[in-house]
Amino acid sequence: MSLSTFSSDFIDTALLQLGASKIKVVSGKQHVVDFDLEGAGKLTYVFTITNEHRYYLQRVRPYPMVQGRFAGVEEIVSFIARDARAFQAARQSKNYQSFVDSTRDALALAGDLEQLFLAHNVSPKDLSALREEFSRLRALIHSMGDASPAVKAPAAFESDR
């Protein structure tokens, strides 16, 4: 058994113990992991194990978000466990779908910005105006966080398993 196969099996077993509802392995190196969010859809991750035993992780559902590179099995399992618990808690909010929709809008905005940059020679003045708007939006997000109560983890996810 190769080290990458052992790592894959270890990660998959740990994620199933954490509540993953489905794990699909593609070509032995890429894993698609689903967690059910009980009435709020699925939480899906894709991770790839390289030949150098590095792990690249992306959350693809409810919205795509690159999570980065991880050096070891424990790091990736710990990250997914924390993230899944956070989504389990967040789904309890009556504003969950609005949050997901807002995040998708923000990601679409990033795509629009990229297309603007790739297709047009935008003036420095207009780019400065964009940066000011983004700065205001980030400040608004931070002030909302400061003014809002924290989300508590659901009982089933209170402790690391």
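Colleague: Which residue of S3 does His 31 stand opposite?

Modeller: In this predicted model, His 31 stands opposite Phe 47 in S3. The two strands concerned are S2, residues 30-36, and S3, residues 42-49, which run antiparallel and are joined by seven bridges.

Colleague: What is the strand order of the sheet, and how are its strands paired?

Modeller: The sheet is open and has five strands in the order S1-S2-S3-S4-S5, with antiparallel pairing. Strand S1 (22-26) and strand S5 (65-70) are the edge strands, each of them pairing on one side only, and from one strand to the next the twist averages 20°.

Colleague: Which helix packs on the sheet, and which strands does that helix touch?

Modeller: Helix H2, residues 73-90, packs on the sheet, where it touches S2, S3, strand S4 (55-61) and S5, and the direction of H2 makes about 15° with that of S4.

Colleague: Which residues have the most contacts inside the largest nonpolar core?

Modeller: That core has 26 residues, and those with the most contacts inside it are Ile 11, Leu 15, Phe 35, Phe 47, Leu 57, Ile 76 and Ile 80. Two or more residues each come from helix H1 (3-17), S2, S3, S4, H2 and helix H3 (96-119), while the largest share, eight residues, comes from H2. To take one of these core residues, Ile 11 touches Phe 47, Tyr 55, Val 73, Ile 76 and Val 77, if residues up to four places away in sequence are not counted.

Colleague: Is Leu 57 buried or exposed, and why?

Modeller: Residues under 20% relative accessible area count as buried, and Leu 57 is therefore buried, because its value is 3%. Leu 57 is found in strand S4 and, leaving aside neighbours within four places in sequence, is in contact with residues that include Tyr 45, Phe 47, Val 66, Phe 70, Ile 76 and Ile 80. By contrast with this list of contacts, one may also look at a separation: the C-alpha atoms of Leu 57 and Val 25, which are 32 residues apart along the chain, are separated by 14 Å.

Colleague: Which elements have the lowest and the highest mean pLDDT?

Modeller: Among the elements of the chain, H1 has the lowest mean pLDDT, at 76, and helix H4, residues 124-147, has the highest, at 96. The chain as a whole averages 87, with 91% of the residues scoring at least 70.

Colleague: Where is the pLDDT below 50?

Modeller: The pLDDT is below 50 over residues 156-161, a stretch that has eight contacts in the model beyond near neighbours in sequence. Where pLDDT is low, the predicted coordinates should not be read in detail.

Technical notes. Residues numbered from 1 in each chain as written. Predicted model: local features only at pLDDT ≥ 70, side-chain atom pairs only at ≥ 80, totals over all residues. Heavy atoms only, no water. Pairing = 2+ DSSP bridges. Helix = DSSP H or I, 4+ residues; strand = E, 2+ residues; numbered from the N terminus. Axes fitted to C-alpha atoms, helices over the stretch in contact; angles between N-to-C directions. Contact = heavy atoms within 4.5 Å. Core = buried A, V, L, I, M, F, W, Y, C linked by side-chain atoms within 4.5 Å. Buried < 20%, exposed > 50% of the residue type's maximum accessible area, 1.4 Å probe, protein only. pLDDT = per-residue confidence, 0-100.
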